[in-house]
Amino acid sequence: MRIFVPVGKFASEEDDAAERRRRLAKALMDGEEISVSPTGNVLTEEEKDLSSSGQSIVVPEGKLA
């Protein structure tokens, strides 16, 4: 039995979303303030400046291993 996967169907580990997830994880582990929109999306610095409704979360030190 063979499985054929069309070219381009597997996402690369090095896409924009993967990079954004890595930066978010690092920021959370470093205890940085993360801004979140009311819908739950994480905001970049530029998006945070444009939106006044974003809330921030900070992970207390020692809460993430």
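A residue counts as buried under 20% relative accessible area, as exposed over 50%, and as partly exposed in between. That scale will help with several of the close-ups below, which come from a predicted model.

**View 1. The whole chain, with two helices and three strands.** Let us start with the overall layout. Reading from the N terminus, the elements follow the order α-β-β-α-β. The chain has 65 residues, and 11% of them count as buried. Among contacts between residues at least 6 apart in sequence, 28% join residues at least 24 apart.

**View 2. Helix α1 from end to end, with its 14 residues.** Here you can check a helix against simple arithmetic. At 1.5 Å a residue, α1 should span 20 Å, and because its end C-alpha atoms are 20 Å apart, the model agrees with the expected span. Look just after α1 and you will meet G31, which takes a positive phi of about 75 degrees.

**View 3. E19, R22 and R23, linked in a network of salt bridges.** Side chains of opposite charge can pair when their charged atoms come close. In one pairing, E19 forms a salt bridge with R22, and the closest N and O atoms are 3.3 Å apart. These two partners sit three residues apart in helix α1, so about one helical turn separates E19 from R22. E19 also meets R23 in a salt bridge, at 3.7 Å from N to O. E19 and R23 are both in helix α1 too, four residues apart, again about one turn of the helix. How accessible are the side chains at E19 and R22? Since its relative accessibility is 35%, E19 counts as partly exposed. R22 has 39% relative accessibility and therefore also counts as partly exposed.

**View 4. The salt bridge between K26 and D30.** The closest N and O atoms of K26 and D30 are 2.6 Å apart. Is K26 buried or exposed? K26 has a relative accessible area of 52%, so this residue is exposed. D30, at 45%, is partly exposed. In total, the model holds three salt bridges.

**View 5. E33, in the loop between α1 and β1.** E33 has 47% relative accessibility and so counts as partly exposed. Find I57 as well: E33 and I57 are 24 residues apart in sequence, yet their C-alpha atoms are 5.8 Å apart in space.

**View 6. The largest pocket, with a volume of about 300 Å³.** Which elements give two or more residues to the lining of this pocket? They are α1 (16–29), β1 (34–36), β2 (42–43) and α2 (45–50). Helix α1 gives the most, with five residues. Altogether, 14 residues line the largest pocket, and L24, I34, V42, L43 and T44 lie nearest its centre. Sorted by class, the lining has seven charged, five nonpolar and two polar residues.

Conventions
Residues are numbered from 1 along each chain as its sequence is written. This is a predicted model: local features need pLDDT of at least 70, side-chain atom pairs count only at pLDDT 80 or more; totals for chains, interfaces and linings use all residues. Side-chain values use heavy atoms; hydrogens and water are left out. On a 1 Å grid over the protein atoms alone, a cavity is a set of points where a 1.4 Å probe fits but cannot get out, and a pocket is an open set with protein on both sides within 12 Å along at least five of seven lines; lining residues have an atom within 4 Å of a point. Grid points are joined across faces, edges and corners, and a volume is the space filled by probe spheres set on the points. Ala, Val, Leu, Ile, Met, Phe, Trp, Tyr, Cys and Pro count as nonpolar, Asp, Glu, Lys and Arg as charged, and the others, Gly among them, as polar. The expected span of a helix is 1.5 Å times one less than its number of residues. A salt bridge is a side-chain nitrogen of Lys or Arg within 4 Å of a carboxyl oxygen of Asp or Glu. Buried means under 20% relative accessible area, exposed over 50%, partly exposed in between (1.4 Å probe, protein chains only). Contact means heavy atoms within 4.5 Å.
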